[in-house]
Amino acid sequence: MAKKVTQPKVNPVTGHLSALAVGVKEFVKPTRFTIQYPRERRWVVDRFRGFIVNDIEKCISCFQCAWACPVNAIFMYRAPNGKFYPGIRYEQCILCHFCVDACPVGSLYGTTISDGAFPNLESTIFKPEDMAQPPQWDDEAEYVVKYDFDENGNLKVIKMRKSEVK
Amino acid sequence: MGYLEPMVQIPFLEPLINFLLKVPVIGPIVNFLLWMPIFAVWFVPGLIGLFIPLIFVIWWERKAAARVQWRYGPLEISKRLGGVIQPISDLIRYTLQEIIIHQEADAAYFIHMPVFGFIFALLPVLFIPAGPNVYAINTGYNILIAAVLISIFNVVVIVTGWASTDKWAYIGTVREAFMYAAYEIPFMLSVIAMIILFGTADPFMMVNEQVAHYIPGAILNPIAFIVAVVTTAMASSRFPFEIVENDTDIVVGPFTEYGGLIFGLTMTMSYEKTYVMTLLLSILFLGGWSGPYIAPLGDLSAPLWLGVRVFLVMMFFSFLRAVYPSYRLDQALRIGWRTLLILSVVSVIWSIVIRLALPVV
């Protein structure tokens, strides 16, 4: 059954006054929590799924990561020693870390690095040698911002210097 | 050689001015600039008096709206001052941009109308005094003349939109025409109510009445004050009546096709109108330039107190951007033709009643 929705009745005077009051309250003590990105960075948990690194020493070339990948982002590249090592194409990768879970020897492991700019499409294709260490990008951030809740359930923004975090 | 009289007296600059007046070429120029009518047109309440609030209010509008809406607003230019010189950098950018006149536009009207608009929007300043000794023209009917001159400006906006030959400009023009008809009558009636209340159209006498009784016009006739505030918001397309230049519906309304410096002119037009109408509001309702006399400033003491009021009222109008969404055209027209028209007629009756009951005021 169709129900007709009518405009709620608001007293114009109190409505305008309460709107202005909300505006003034937000102006005096804003509840904004925007991060000014290049200078500030969001704090993330250790389990955050970022770029993936492969420890070639441990890798047994078992192809389990390539099998597990739901988007077929992992290619296996043949190395001079005859073994195959994984390389991730980050244009396809959805950072689900199924490959990390699938790895039987713990050679693949995730980092918390999630932001970086690729200058062109070729640079999104990571070869095994690119996977050997975490990707290096210039980090302009001076502060790390962490969100938390106080005892009343209100949002609390904690701003830390980058050196204090790690 | 005599001096142009009367000159504006500024005691704390007196030694410098006296020295400059004796310098051969600069002396007459300084004398001319300090001559009262020219000073009123160029400095307060004229061009410089417009630009200082303009730069501050544009910054304040963006910054305050951003703060309320959980953003930061302009920040990157002059980061330590919170981006306060952003409007100046925008002005430089507008100046350096190319002015494009598209093929369908009526070129003569298209180019000239923003300039006329800029002049017409500032024209009422000739008749609005900034203090007992700072005014351009004094006729004894200044408030009426200023209120009428304010309404010329809309013709320019309509011609601007028509000359642009553009879909959005056309819609904006039609909206401007509708809005103009909706707010003009209540605004005029609220001004007339104050003229009836004080029994004069002379701004000096109006302010003197308010000072003499220690009661501002806003308390003597609160209905006229409310109508004047709402119509000012409508006339200068401030929120919640940003209908003519609504960015989200019709790009910038009548000024869609403009670019470069001419767009800068069109953008300042609505702020100019806010400034002029705010001056009128301050004189009619908020006690004008009344305030303690500051001896070192001399004749500039009164404009300072008027400027404080103008700043505060303009900041209030800009702050509305943070609070309100904008009304639809039909809602605004309903407010104009129904609520405001009735209220303004009531305010005129209120004035007549007060005038009859308290002949002293």
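# Asking around chain A

Colleague: G82(A) takes a positive phi near 95 degrees, and it sits in the hairpin of strand 3 and strand 4 of chain A, with five residues between the strands. What makes a stretch a strand here?

Modeller: DSSP decides: strands are E runs of at least two residues, helices are H or I runs of at least four, and both are numbered from the N terminus. This is a predicted model, where local features need pLDDT of at least 70 and side-chain atom pairs pLDDT 80 or more, while totals for chains, interfaces and linings use all residues. As for bookkeeping, residues count from 1 along each chain as written, chains are lettered from A and ligands numbered from 1 in written order, and side-chain values use heavy atoms, leaving out hydrogens and water.

Colleague: How do you know that strand 3 and strand 4 of chain A pair?

Modeller: Two strands pair if DSSP finds at least two bridges between them. Strand 3 (residues 74-78) and strand 4 (residues 84-88) of chain A have five, in the antiparallel sense, so they pass. Across the hairpin, I74(A) stands opposite I88(A), and Y77(A) stands opposite Y85(A).

Colleague: Why is strand 4 of chain A said to be largely enclosed by the rest of the structure?

Modeller: Because four of its five residues are buried.

Colleague: And what makes a residue buried?

Modeller: Buried is under 20% relative accessible area, exposed is over 50%, and partly exposed is in between, with a 1.4 Å probe and protein chains only. Take T111(A): its value is 11%, under the 20% limit, so it is called buried. Over the whole of chain A, 27% of the 166 residues count as buried.

Colleague: Where is T111(A), and what is it in contact with?

Modeller: T111(A) is in the loop between strand 5 (108-110) and strand 6 of chain A. Leaving aside neighbours within four places in sequence, its contacts include F48(A), F51(A) and P134(A), where contact means heavy atoms within 4.5 Å. The backbone oxygen of F51(A) is 2.7 Å from a polar atom of the T111(A) side chain.

Colleague: What about A66(A), which helix is it in?

Modeller: A66(A) belongs to helix 2 (residues 64-68) of chain A. Beyond its neighbours within four places in sequence, A66(A) is in contact with I74(A) and M76(A). The C-alpha atoms of A66(A) and C99(A) are 7.1 Å apart, although 33 residues separate them along the chain.

Colleague: How do you know that strand 1 of chain A pairs with strand 6 of chain A?

Modeller: Three bridges join them, and they run parallel; the rule asks for at least two, so this is a pair. One partnership is R42(A) with V145(A) of strand 6. Both strands belong to an open sheet of three strands, order 1-6-7, with mixed pairing.

Colleague: What makes a strand an edge strand in that sheet?

Modeller: Pairing on one side only, as strand 1 (40-42) and strand 7 (155-161) of chain A do.

Colleague: How do you know how chain A compares with a compact globule?

Modeller: We use the radius of gyration over C-alpha atoms, and the globule rule is 2.2 Å times the number of residues to the power 0.38. For 166 residues that gives a value near 15 Å, but chain A has 24 Å. The C-alpha trace spans about 80 × 55 × 35 Å along its principal axes.

Colleague: And how many helices and strands does chain A have?

Modeller: Four helices and seven strands, in the pattern α-β-β-α-β-β-α-β-β-β-α.

Definitions and conventions. A polar contact is a pair of N or O atoms within 3.5 Å; within protein, one must be able to donate a hydrogen and the other to accept it, and residues adjacent in sequence count only if both atoms are side-chain atoms.
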